[in-house]
Amino acid sequence: MHLKRLGLLLVVLLAPACYSTGTGDGGPTRDPNLISTEELLTQRAVDCYQAIEQLRPQWMRRRGGETPQVYVNGSRRGALGELRTFQTDDIREIRFISGPDATTRWGTGHRAGVIELITRG
């Protein structure tokens, strides 16, 4: 009986040490749907298209035969090629919004999601 209690006590005390809450290297976790200014500074990309290719290439993947739409500060700009017209120095953050969330926010035509640029100033 005492052995069972001791075993249970060890499980209760040691279990929290067994699960991961971060990246495993002690650093903060990275949001898979956000590229921050700090993250942009770590890249040699000149424009947003290059930055996304380097940091989150899965955002540009075709979904349902479509590619994500590009929005800048909440306004629709068009297709992925628009990302080349924005230099990373002018961007505060880049966010990927899933198809269902983008459809809720902007209506139909966003099955592949949205890549939204938030500019500085």
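Helix H4 lies across strands S2, S4 and S5. Its axis runs at about 105° to S4. Helix H3, residues 48-55, lies across S1, S4 and S5. H3 runs at about 55° to S4. The model is a predicted one.

**Overall make-up**

The protein chain has four helices and five strands. Along the sequence they follow the pattern α-β-α-α-β-β-β-α-β. Of the 121 residues, 33% count as buried. Take the contacts between residues at least 6 apart in sequence: 60% of them join residues at least 24 apart.

**Confidence**

The mean pLDDT of the chain is 84. A pLDDT of 70 or more is reached by 77% of its residues. Which elements mark the two ends of the range? Helix H1, residues 2-14, has the lowest mean pLDDT of the elements, at 50. Strand S2 has the highest, at 98. Over residues 8-24, pLDDT stays under 50. For that stretch the model has six contacts beyond four places in sequence. Where pLDDT is low, the predicted coordinates should not be read in detail.

**The sheet**

The five strands form an open sheet in the order S1-S4-S5-S2-S3, with mixed pairing. S1 (34-36) and S3 are the edge strands, each pairing on one side only. Neighbouring strands are turned by 25° against each other on average, direction ignored.

Two of the pairings can be set side by side.

| Strand pair | Sense | Bridges | One bridge partner pair |
|---|---|---|---|
| S2 (residues 69-72) and S3 (residues 75-78) | antiparallel | three | Val-70 and Gly-78 |
| S4 (residues 91-97) and S5 (114-119) | antiparallel | six | Phe-96 and Ile-115 |

S2 and S3 make a hairpin with two residues between them. In the turn, Asn-73 has a positive phi of about 50°.

**Glu-116 and the hairpin turn**

Glu-116 is found in strand S5. Is this residue buried or exposed? Its relative accessibility is 5%, so Glu-116 counts as buried. The side chain of Glu-116 reaches the backbone nitrogen of Gly-74 at 3.1 Å. Its contacts beyond four places in sequence include Tyr-71, Asn-73 and Gly-74. Asn-73 is the turn residue with the positive phi. Glu-116 also touches Glu-93, Ile-94, Arg-95 and Ile-97. Arg-105 and Trp-106 are further contacts of Glu-116.

**His-110, in the loop after H4**

His-110 sits in the loop between helix H4 (99-106) and strand S5 (114-119). Its relative accessible area is 1%, so His-110 is buried despite its place in a loop. Which backbone oxygen does the side chain of His-110 reach? That of Thr-108, at 3.3 Å. Leaving out residues up to four places away in sequence, His-110 touches Gln-69, Tyr-71, Arg-76, Gly-99, Ala-102 and Thr-103. Tyr-71 is thus listed for His-110 and is listed for Glu-116 too.

**Ala-79, in the loop after S3**

Ala-79 lies in the loop between S3 and S4. Its relative accessibility is 46%, so Ala-79 counts as partly exposed. Not counting residues up to four places away in sequence, Ala-79 touches Gln-69 and Val-70. Gln-69 is also a contact of His-110. How far apart are the C-alpha atoms of Ala-79 and Val-114? They are separated by 9.6 Å, with the two residues 35 apart along the chain.

**The buried side of H3**

The buried residues of H3 are Cys-48, Tyr-49, Ala-51, Ile-52 and Leu-55. Why do they lie on the same side of H3? They cover an arc of only 165° around the axis, which puts them there. Their cover includes S1, helix H2 (37-41), S4 and S5. S1, S4 and S5 are also the strands that H3 lies across. At the start of H3, a side-chain oxygen of Asp-47 reaches to within 3.0 Å of the backbone nitrogen of Tyr-49. Tyr-49 is itself one of the buried residues of H3.

Notes:
Residues are numbered from 1 along each chain as its sequence is written. This is a predicted model: local features need pLDDT of at least 70, side-chain atom pairs count only at pLDDT 80 or more; totals for chains, interfaces and linings use all residues. Side-chain values use heavy atoms; hydrogens and water are left out. Buried means under 20% relative accessible area, exposed over 50%, partly exposed in between (1.4 Å probe, protein chains only). A polar contact is a pair of N or O atoms within 3.5 Å; within protein, one must be able to donate a hydrogen and the other to accept it, and residues adjacent in sequence count only if both atoms are side-chain atoms. Contact means heavy atoms within 4.5 Å. Two strands pair if DSSP finds at least two bridges between them. Axes are lines fitted to C-alpha atoms, for helices over the stretch in contact, and angles run from 0 to 180 degrees between N-to-C directions. pLDDT is the predictor's confidence in each residue, from 0 to 100. The arc is that of the directions from the helix axis to the C-beta atoms.
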